[in-house]
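User: I would like to go through this model step by step, with the reasoning behind each answer laid out.

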Amino acid sequence: MLAGARLLVGVTGGIACYKSVDLCSRLRKAGAEVRVVMTESATRFVSPLTFQSISGNPVATDLFATPAQSAVEHIWLAEWASIAVVAPATADILGKLAHGIADDYLSTILLAFAGPALLVPAMNRMMYAHPAVQASMAALAGMGYDVMPAEYGHLAEGVSGWGRMPEPPAIVERLAGLAAEGRVPRPELPQPAPRDLDGVSVVITAGPTQEPIDPVRFITNPSSGKTGWALAEAARARGAAVTLVAGPVALPDPPGVRVVRVRTAQEMADAALAAYDGCDVAICAAAVSDFRPEAPAPEKIKKGEQDGLDLRLVRNPDILAAMGRRKGRRVLVGFAAEAGAGPEEAERKRASKGADLVVYNDVRRPGLGFGADDNAVVVVGAGGLREAIGPAPKREIAHRILDRVAALRRI
Ligand code: CTP
(Lines give C-alpha, C1' and ligand atoms only; values in the text may rest on other atoms or scores of the structure.)
Protein backbone atom coordinates (compact mmCIF):
# COMPACT_ATOMS: atom_id res chain seq x y z
CA MET A 1 0.00 0.00 0.00
CA LEU A 2 3.00 2.29 0.41
CA ALA A 3 4.28 1.56 -3.09
CA GLY A 4 4.20 4.81 -5.02
CA ALA A 5 3.34 6.87 -1.91
CA ARG A 6 5.04 10.24 -1.60
CA LEU A 7 6.11 10.07 1.99
CA LEU A 8 7.07 13.04 4.08
CA VAL A 9 9.14 11.93 7.05
CA GLY A 10 9.46 14.45 9.86
CA VAL A 11 12.31 13.84 12.26
CA THR A 12 12.45 15.75 15.54
CA GLY A 13 15.22 15.85 18.10
CA GLY A 14 15.20 12.77 20.26
CA ILE A 15 17.59 9.95 20.95
CA ALA A 16 15.32 7.68 18.89
CA CYS A 17 16.33 9.62 15.75
CA TYR A 18 18.73 6.89 14.78
CA LYS A 19 15.78 4.50 14.33
CA SER A 20 14.32 6.86 11.75
CA VAL A 21 17.22 6.12 9.46
CA ASP A 22 16.15 2.48 9.41
CA LEU A 23 12.53 3.61 9.04
CA CYS A 24 13.39 5.62 5.91
CA SER A 25 15.28 2.73 4.43
CA ARG A 26 12.32 0.39 5.00
CA LEU A 27 9.88 2.90 3.53
CA ARG A 28 11.94 3.12 0.38
CA LYS A 29 12.09 -0.67 0.18
CA ALA A 30 8.30 -0.68 0.44
CA GLY A 31 8.25 1.39 -2.74
CA ALA A 32 7.64 4.86 -1.31
CA GLU A 33 9.38 8.01 -2.41
CA VAL A 34 10.77 9.56 0.76
CA ARG A 35 11.59 13.15 1.60
CA VAL A 36 12.86 14.04 5.05
CA VAL A 37 12.36 17.22 7.02
CA MET A 38 14.44 17.54 10.17
CA THR A 39 14.15 20.00 12.99
CA GLU A 40 17.22 21.90 14.04
CA SER A 41 17.63 19.75 17.16
CA ALA A 42 17.23 16.52 15.19
CA THR A 43 20.34 17.48 13.20
CA ARG A 44 22.30 17.38 16.48
CA PHE A 45 21.52 13.67 16.81
CA VAL A 46 21.87 12.50 13.20
CA SER A 47 23.42 14.34 10.30
CA PRO A 48 21.12 15.46 7.49
CA LEU A 49 23.61 13.82 5.15
CA THR A 50 22.68 10.42 6.56
CA PHE A 51 19.00 10.99 5.78
CA GLN A 52 19.89 12.43 2.41
CA SER A 53 21.81 9.29 1.48
CA ILE A 54 19.14 6.94 2.77
CA SER A 55 16.18 8.80 1.24
CA GLY A 56 17.90 9.69 -2.03
CA ASN A 57 16.60 13.24 -1.73
CA PRO A 58 17.84 16.49 -0.24
CA VAL A 59 16.90 16.99 3.40
CA ALA A 60 15.04 20.13 4.39
CA THR A 61 15.81 21.73 7.74
CA ASP A 62 15.32 25.45 7.48
CA LEU A 63 12.34 27.43 6.26
CA PHE A 64 14.53 30.29 5.10
CA ALA A 65 17.62 28.38 4.00
CA THR A 66 17.57 29.65 0.42
CA PRO A 67 17.03 33.41 0.52
CA ALA A 68 15.99 33.45 -3.13
CA GLN A 69 12.91 31.39 -2.41
CA SER A 70 9.91 32.60 -0.48
CA ALA A 71 8.44 30.74 2.48
CA VAL A 72 5.44 29.91 0.33
CA GLU A 73 7.60 28.15 -2.22
CA HIS A 74 9.28 26.34 0.62
CA ILE A 75 6.12 24.62 1.77
CA TRP A 76 5.68 22.90 -1.57
CA LEU A 77 6.52 19.68 0.28
CA ALA A 78 3.10 19.90 1.94
CA GLU A 79 1.55 19.82 -1.52
CA TRP A 80 3.89 17.14 -2.76
CA ALA A 81 3.37 14.58 0.04
CA SER A 82 0.56 12.02 -0.08
CA ILE A 83 1.15 10.81 3.49
CA ALA A 84 3.30 11.95 6.42
CA VAL A 85 4.95 10.44 9.46
CA VAL A 86 6.73 12.20 12.30
CA ALA A 87 9.08 9.81 14.06
CA PRO A 88 10.23 10.43 16.64
CA ALA A 89 7.71 13.09 17.57
CA THR A 90 8.95 15.09 20.56
CA ALA A 91 6.76 16.78 23.17
CA ASP A 92 7.68 20.00 21.40
CA ILE A 93 6.29 19.10 17.97
CA LEU A 94 3.17 17.50 19.50
CA GLY A 95 2.49 20.65 21.51
CA LYS A 96 3.04 22.89 18.50
CA LEU A 97 0.85 20.86 16.22
CA ALA A 98 -1.92 20.55 18.80
CA HIS A 99 -1.98 24.34 19.13
CA GLY A 100 -1.42 25.34 15.54
CA ILE A 101 2.05 26.81 16.11
CA ALA A 102 4.30 26.95 13.05
CA ASP A 103 7.70 28.36 13.92
CA ASP A 104 10.06 26.15 11.95
CA TYR A 105 10.10 24.23 8.72
CA LEU A 106 8.59 20.97 9.96
CA SER A 107 5.78 22.54 12.01
CA THR A 108 4.93 24.82 9.08
CA ILE A 109 4.76 21.95 6.60
CA LEU A 110 2.66 19.84 8.97
CA LEU A 111 0.08 22.59 9.41
CA ALA A 112 -0.13 23.08 5.66
CA PHE A 113 -0.35 19.35 4.93
CA ALA A 114 -3.81 18.04 4.05
CA GLY A 115 -3.25 14.27 3.98
CA PRO A 116 -3.16 11.41 6.48
CA ALA A 117 -0.43 11.77 9.09
CA LEU A 118 1.03 9.37 11.63
CA LEU A 119 2.66 10.75 14.77
CA VAL A 120 5.05 8.53 16.68
CA PRO A 121 5.79 10.11 20.07
CA ALA A 122 9.03 9.12 21.77
CA MET A 123 10.53 10.80 24.79
CA ASN A 124 11.55 10.58 28.41
CA ARG A 125 8.97 8.67 30.48
CA MET A 126 8.18 11.63 32.75
CA MET A 127 7.65 13.88 29.74
CA TYR A 128 5.47 11.25 28.08
CA ALA A 129 3.35 10.94 31.21
CA HIS A 130 2.98 14.71 31.63
CA PRO A 131 -0.65 15.77 31.36
CA ALA A 132 0.25 18.50 28.87
CA VAL A 133 1.82 15.96 26.50
CA GLN A 134 -1.04 13.51 27.00
CA ALA A 135 -3.48 16.34 26.30
CA SER A 136 -1.62 17.22 23.08
CA MET A 137 -1.80 13.60 21.95
CA ALA A 138 -5.49 13.33 22.78
CA ALA A 139 -6.23 16.60 20.99
CA LEU A 140 -4.32 15.49 17.91
CA ALA A 141 -6.08 12.12 17.86
CA GLY A 142 -9.36 14.02 18.12
CA MET A 143 -8.38 16.08 15.08
CA GLY A 144 -7.87 12.93 13.03
CA TYR A 145 -4.13 12.36 13.36
CA ASP A 146 -3.06 8.78 13.86
CA VAL A 147 -1.12 8.87 17.13
CA MET A 148 0.87 5.69 17.68
CA PRO A 149 1.32 4.99 21.39
CA ALA A 150 4.88 4.85 22.67
CA GLU A 151 6.10 1.50 23.94
CA TYR A 152 7.26 0.41 27.35
CA GLY A 153 10.90 -0.46 27.51
CA HIS A 154 14.43 0.60 28.20
CA LEU A 155 14.84 4.34 27.75
CA ALA A 156 17.91 6.47 27.11
CA GLU A 157 17.91 7.74 30.70
CA GLY A 158 18.77 4.23 31.85
CA VAL A 159 15.46 3.15 33.33
CA SER A 160 12.43 1.41 31.87
CA GLY A 161 9.19 3.20 31.22
CA TRP A 162 6.65 4.33 28.66
CA GLY A 163 8.13 6.58 26.02
CA ARG A 164 10.11 4.28 23.75
CA MET A 165 9.67 4.67 20.03
CA PRO A 166 8.15 1.57 18.42
CA GLU A 167 10.42 -0.36 16.09
CA PRO A 168 10.49 0.70 12.42
CA PRO A 169 8.69 -2.42 11.06
CA ALA A 170 5.70 -1.67 13.31
CA ILE A 171 5.68 1.96 12.15
CA VAL A 172 5.80 0.88 8.49
CA GLU A 173 2.88 -1.48 9.09
CA ARG A 174 0.84 1.23 10.81
CA LEU A 175 1.58 3.69 8.00
CA ALA A 176 0.47 1.15 5.41
CA GLY A 177 -2.78 0.73 7.35
CA LEU A 178 -3.26 4.49 7.51
CA ALA A 179 -2.57 4.83 3.78
CA ALA A 180 -5.23 2.19 3.08
CA GLU A 181 -7.73 3.80 5.45
CA GLY A 182 -7.08 7.31 4.11
CA ARG A 183 -8.07 9.04 7.35
CA VAL A 184 -7.26 12.70 7.04
CA PRO A 185 -6.78 15.19 9.88
CA ARG A 186 -8.44 17.85 7.91
CA PRO A 187 -10.23 20.74 9.17
CA GLU A 188 -13.57 21.46 7.81
CA LEU A 189 -12.40 24.45 5.81
CA PRO A 190 -14.77 27.20 6.85
CA GLN A 191 -17.20 27.82 4.02
CA PRO A 192 -17.87 31.46 3.35
CA ALA A 193 -21.37 31.94 4.74
CA PRO A 194 -23.85 34.07 2.80
CA ARG A 195 -24.47 37.42 4.55
CA ASP A 196 -28.20 37.04 4.10
CA LEU A 197 -29.02 37.74 7.77
CA ASP A 198 -27.10 41.00 7.98
CA GLY A 199 -28.56 43.12 10.75
CA VAL A 200 -31.32 40.60 11.44
CA SER A 201 -32.07 40.02 15.12
CA VAL A 202 -32.32 36.32 15.98
CA VAL A 203 -33.36 34.71 19.29
CA ILE A 204 -32.48 31.06 19.83
CA THR A 205 -33.39 28.83 22.77
CA ALA A 206 -31.03 25.92 23.40
CA GLY A 207 -30.22 23.07 25.74
CA PRO A 208 -32.34 21.44 28.43
CA THR A 209 -34.02 23.03 31.40
CA GLN A 210 -33.73 21.93 35.01
CA GLU A 211 -36.85 21.82 37.15
CA PRO A 212 -35.94 21.60 40.85
CA ILE A 213 -37.50 18.94 43.04
CA ASP A 214 -35.47 20.07 46.04
CA PRO A 215 -32.16 21.97 46.40
CA VAL A 216 -30.11 19.03 45.09
CA ARG A 217 -32.45 17.23 42.66
CA PHE A 218 -34.14 18.21 39.46
CA ILE A 219 -35.95 16.98 36.37
CA THR A 220 -34.05 17.38 33.12
CA ASN A 221 -33.17 15.66 29.83
CA PRO A 222 -29.97 14.87 27.92
CA SER A 223 -30.04 17.80 25.50
CA SER A 224 -26.45 19.00 24.93
CA GLY A 225 -27.30 22.36 23.39
CA LYS A 226 -25.18 21.59 20.30
CA THR A 227 -28.01 22.24 17.84
CA GLY A 228 -28.79 25.64 19.35
CA TRP A 229 -25.09 26.49 19.43
CA ALA A 230 -24.67 25.48 15.79
CA LEU A 231 -27.63 27.67 14.87
CA ALA A 232 -26.27 30.61 16.86
CA GLU A 233 -22.83 30.33 15.25
CA ALA A 234 -24.28 29.92 11.77
CA ALA A 235 -26.66 32.87 12.19
CA ARG A 236 -23.80 35.00 13.52
CA ALA A 237 -21.64 34.03 10.53
CA ARG A 238 -24.45 35.17 8.24
CA GLY A 239 -24.51 38.59 9.83
CA ALA A 240 -27.28 38.25 12.43
CA ALA A 241 -27.32 39.79 15.90
CA VAL A 242 -27.94 36.68 17.97
CA THR A 243 -29.33 36.22 21.48
CA LEU A 244 -28.88 32.66 22.69
CA VAL A 245 -31.05 31.74 25.68
CA ALA A 246 -29.44 28.60 27.01
CA GLY A 247 -30.33 26.09 29.69
CA PRO A 248 -27.54 24.38 31.64
CA VAL A 249 -25.02 23.02 29.12
CA ALA A 250 -21.26 22.61 29.13
CA LEU A 251 -20.55 24.72 26.05
CA PRO A 252 -18.59 28.00 26.06
CA ASP A 253 -20.21 31.18 24.78
CA PRO A 254 -19.96 31.33 20.98
CA PRO A 255 -17.93 34.40 19.95
CA GLY A 256 -20.00 37.42 19.01
CA VAL A 257 -23.23 36.02 20.43
CA ARG A 258 -25.16 37.44 23.39
CA VAL A 259 -25.72 34.48 25.72
CA VAL A 260 -28.31 34.46 28.50
CA ARG A 261 -27.85 31.47 30.78
CA VAL A 262 -30.98 30.19 32.52
CA ARG A 263 -32.00 27.15 34.48
CA THR A 264 -35.74 26.55 34.53
CA ALA A 265 -38.39 26.64 31.79
CA GLN A 266 -39.92 29.70 33.45
CA GLU A 267 -36.57 31.54 33.40
CA MET A 268 -36.07 30.49 29.78
CA ALA A 269 -39.56 31.73 28.89
CA ASP A 270 -38.95 35.08 30.61
CA ALA A 271 -35.59 35.66 28.89
CA ALA A 272 -36.66 34.39 25.47
CA LEU A 273 -39.94 36.31 25.39
CA ALA A 274 -38.20 39.51 26.51
CA ALA A 275 -35.75 39.18 23.61
CA TYR A 276 -38.57 38.16 21.26
CA ASP A 277 -40.12 41.61 21.33
CA GLY A 278 -37.43 43.25 19.25
CA CYS A 279 -36.43 40.27 17.13
CA ASP A 280 -37.00 39.27 13.52
CA VAL A 281 -36.41 35.54 13.79
CA ALA A 282 -36.93 33.12 16.70
CA ILE A 283 -35.76 29.54 16.77
CA CYS A 284 -36.83 27.28 19.65
CA ALA A 285 -34.22 24.55 19.73
CA ALA A 286 -34.37 24.00 23.50
CA ALA A 287 -35.63 20.76 24.99
CA VAL A 288 -37.89 22.46 27.48
CA SER A 289 -39.32 20.40 30.31
CA ASP A 290 -43.08 20.39 29.76
CA PHE A 291 -43.71 19.97 33.49
CA ARG A 292 -42.14 21.09 36.76
CA PRO A 293 -42.66 20.00 40.35
CA GLU A 294 -45.52 22.09 41.71
CA ALA A 295 -43.78 22.90 44.97
CA PRO A 296 -40.03 22.28 45.11
CA ALA A 297 -39.03 21.30 48.64
CA PRO A 298 -36.98 24.07 50.32
CA GLU A 299 -34.83 21.45 52.05
CA LYS A 300 -33.33 18.23 50.71
CA ILE A 301 -36.03 15.54 50.76
CA LYS A 302 -35.15 12.78 53.22
CA LYS A 303 -36.24 9.26 52.37
CA GLY A 304 -36.94 8.49 56.03
CA GLU A 305 -39.24 5.52 56.39
CA GLN A 306 -41.30 6.32 53.26
CA ASP A 307 -41.55 3.57 50.66
CA GLY A 308 -42.63 5.97 47.94
CA LEU A 309 -42.88 9.62 47.08
CA ASP A 310 -45.60 11.48 45.23
CA LEU A 311 -44.39 14.31 43.08
CA ARG A 312 -47.06 16.53 41.63
CA LEU A 313 -46.06 18.20 38.40
CA VAL A 314 -47.64 21.23 36.79
CA ARG A 315 -47.36 22.54 33.22
CA ASN A 316 -44.58 24.87 32.19
CA PRO A 317 -45.22 27.70 29.77
CA ASP A 318 -44.82 26.65 26.15
CA ILE A 319 -42.36 29.22 24.82
CA LEU A 320 -42.81 28.37 21.15
CA ALA A 321 -46.60 28.49 21.42
CA ALA A 322 -46.42 31.83 23.28
CA MET A 323 -44.23 33.22 20.49
CA GLY A 324 -46.62 31.83 17.88
CA ARG A 325 -49.53 33.70 19.46
CA ARG A 326 -47.83 37.04 18.81
CA LYS A 327 -45.75 36.19 15.80
CA GLY A 328 -46.36 39.27 13.68
CA ARG A 329 -43.96 39.41 10.74
CA ARG A 330 -41.30 37.35 12.45
CA VAL A 331 -40.05 34.01 11.16
CA LEU A 332 -40.65 31.38 13.83
CA VAL A 333 -38.99 27.96 13.89
CA GLY A 334 -39.58 25.08 16.30
CA PHE A 335 -38.19 21.61 16.72
CA ALA A 336 -39.96 18.32 17.21
CA ALA A 337 -37.90 15.57 18.77
CA GLU A 338 -39.98 12.45 18.33
CA ALA A 339 -39.47 8.85 19.41
CA GLY A 340 -41.62 7.02 16.93
CA ALA A 341 -44.00 9.55 15.42
CA GLY A 342 -43.21 10.74 11.90
CA PRO A 343 -43.00 14.20 10.30
CA GLU A 344 -46.81 14.47 10.31
CA GLU A 345 -46.56 14.92 14.09
CA ALA A 346 -44.14 17.80 13.46
CA GLU A 347 -46.67 19.32 11.05
CA ARG A 348 -49.36 19.02 13.73
CA LYS A 349 -47.11 20.88 16.22
CA ARG A 350 -46.22 23.48 13.62
CA ALA A 351 -49.82 24.28 12.89
CA SER A 352 -50.96 24.22 16.51
CA LYS A 353 -48.07 26.37 17.81
CA GLY A 354 -48.18 28.85 14.96
CA ALA A 355 -44.63 28.30 13.67
CA ASP A 356 -43.44 28.76 10.09
CA LEU A 357 -41.15 25.75 10.22
CA VAL A 358 -40.71 22.79 12.52
CA VAL A 359 -37.56 20.72 12.34
CA TYR A 360 -38.41 17.07 12.90
CA ASN A 361 -35.94 14.50 14.13
CA ASP A 362 -36.25 10.95 15.35
CA VAL A 363 -34.39 10.74 18.66
CA ARG A 364 -34.18 6.97 18.47
CA ARG A 365 -31.67 6.93 15.60
CA PRO A 366 -28.33 5.76 17.07
CA GLY A 367 -25.42 8.21 16.86
CA LEU A 368 -27.69 11.11 15.91
CA GLY A 369 -29.64 13.74 17.78
CA PHE A 370 -29.30 14.22 21.55
CA GLY A 371 -25.68 14.93 22.51
CA ALA A 372 -24.31 13.83 19.12
CA ASP A 373 -22.41 16.03 16.66
CA ASP A 374 -24.54 14.85 13.75
CA ASN A 375 -28.24 14.74 13.12
CA ALA A 376 -30.74 13.85 10.41
CA VAL A 377 -33.85 16.01 10.22
CA VAL A 378 -36.84 16.85 8.11
CA VAL A 379 -37.80 20.52 7.83
CA VAL A 380 -41.58 20.69 7.83
CA GLY A 381 -43.40 23.79 6.61
CA ALA A 382 -46.66 25.13 5.24
CA GLY A 383 -47.96 23.85 1.92
CA GLY A 384 -46.63 20.33 2.48
CA LEU A 385 -42.97 21.40 2.64
CA ARG A 386 -40.78 18.43 3.63
CA GLU A 387 -37.03 18.85 3.26
CA ALA A 388 -34.87 15.98 4.52
CA ILE A 389 -31.37 17.04 5.60
CA GLY A 390 -28.54 14.72 6.67
CA PRO A 391 -27.25 12.71 8.32
CA ALA A 392 -24.87 15.64 8.49
CA PRO A 393 -22.94 17.66 11.09
CA LYS A 394 -25.25 19.90 13.13
CA ARG A 395 -23.39 22.93 11.79
CA GLU A 396 -24.36 22.04 8.23
CA ILE A 397 -27.95 21.33 9.25
CA ALA A 398 -28.02 24.73 10.96
CA HIS A 399 -27.03 26.46 7.72
CA ARG A 400 -29.64 24.58 5.72
CA ILE A 401 -32.33 25.61 8.24
CA LEU A 402 -31.13 29.22 8.00
CA ASP A 403 -31.31 29.00 4.18
CA ARG A 404 -35.05 28.36 4.69
CA VAL A 405 -35.35 31.16 7.24
CA ALA A 406 -33.64 33.63 4.90
CA ALA A 407 -35.92 32.53 2.07
CA LEU A 408 -39.03 33.07 4.23
CA ARG A 409 -37.84 36.58 5.11
CA ARG A 410 -37.64 37.41 1.40
CA ILE A 411 -41.25 36.41 0.75
N1 CTP B 1 -41.15 24.05 23.41
C2 CTP B 1 -41.15 25.26 24.09
N3 CTP B 1 -41.61 25.30 25.37
C4 CTP B 1 -42.08 24.19 25.97
C5 CTP B 1 -42.09 22.96 25.27
C6 CTP B 1 -41.62 22.93 23.99
O7 CTP B 1 -40.72 26.27 23.53
N8 CTP B 1 -42.52 24.26 27.21
C9 CTP B 1 -40.69 24.04 22.02
C10 CTP B 1 -39.41 23.29 21.80
O11 CTP B 1 -38.30 24.14 21.93
C12 CTP B 1 -39.59 22.81 20.38
C13 CTP B 1 -41.07 22.56 20.26
O14 CTP B 1 -41.66 23.36 21.27
O15 CTP B 1 -39.24 23.80 19.46
C16 CTP B 1 -41.55 21.14 20.36
O17 CTP B 1 -41.31 20.62 21.61
P18 CTP B 1 -41.75 19.12 22.00
O19 CTP B 1 -41.46 18.92 23.43
O20 CTP B 1 -41.17 18.17 21.04
O21 CTP B 1 -43.25 19.18 21.72
P22 CTP B 1 -44.47 19.37 22.67
O23 CTP B 1 -45.30 20.42 22.04
O24 CTP B 1 -44.02 19.60 24.06
O25 CTP B 1 -45.25 18.02 22.51
P26 CTP B 1 -45.07 16.59 23.19
O27 CTP B 1 -44.14 16.77 24.35
O28 CTP B 1 -46.44 16.25 23.55
O29 CTP B 1 -44.49 15.71 22.12
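The questions and answers below concern a predicted model.

User: Is aspartate 103 buried or exposed?

Analyst: In this predicted model, aspartate 103 sits in the loop between helix H6 (91-99) and helix H7 (105-112). Leaving aside its neighbours within four places in sequence, aspartate 103 is in contact with Lys96 and Thr108. Its relative accessibility is 52%, and because the class begins at over 50%, aspartate 103 counts as exposed.

User: Which residue of S7 is the bridge partner of tyrosine 152?

Analyst: Strand S6 (residues 151-154) and strand S7 (residues 160-164) run antiparallel and are joined by 4 bridges. The two strands form a hairpin with 5 residues between them, and in the turn glycine 158 has a positive phi of about 95 degrees. Within this pairing, the partner of tyrosine 152 in S7 is tryptophan 162.

User: How far apart are the end C-alpha atoms of helix H15 (residues 394-410), and what span should its 17 residues have?

Analyst: Helix H15 has 17 residues, and the expected span is 1.5 Å times one less than that number, so the helix should span 24 Å. The end C-alpha atoms agree with this expectation, as they lie apart by 24 Å.

User: Which residues of H15 are buried?

Analyst: An α-helix has 3.6 residues a turn, so residues three or four places apart point the same way. The buried residues of H15 pack against helix H11 (226-237) and several strands, including strand S13 (281-284) and strand S16 (331-338). The buried set itself is Lys394, Ile397, Ala398, Ile401, Leu402, Val405 and Ala406.

User: With which residues is isoleucine 401 in contact, leaving aside its neighbours within four places in sequence?

Analyst: The largest nonpolar core has 36 residues, and isoleucine 401 is among those with the most contacts inside it, as are Leu231 and Val333. Leaving aside neighbours within four places in sequence, the residues in contact with isoleucine 401 are Leu231, Val333, Phe335, Val359 and Val379.

User: Which element gives the most residues to the lining of the largest pocket?

Analyst: The largest pocket has a volume of about 720 Å³, and its lining is made up of 33 residues, with Ala286, Ala287, Val288, Phe335 and Ala337 lying nearest its centre. At least two lining residues come from each of H11, helix H13 (319-325), S16, helix H14 (343-353) and S17. The element that gives the most, with 4 residues, is S16.

Terms used: Residues numbered from 1 in each chain as written. Predicted model: local features only at pLDDT ≥ 70, side-chain atom pairs only at ≥ 80, totals over all residues. Heavy atoms only, no water. Pairing = 2+ DSSP bridges. Buried < 20%, exposed > 50% of the residue type's maximum accessible area, 1.4 Å probe, protein only. Contact = heavy atoms within 4.5 Å. Core = buried A, V, L, I, M, F, W, Y, C linked by side-chain atoms within 4.5 Å. 1 Å grid on protein atoms, 1.4 Å probe; cavity = no way out; pocket = protein on both sides within 12 Å on 5 of 7 lines; lining within 4 Å. Points joined across faces, edges and corners; volume = space filled by probe spheres on them.
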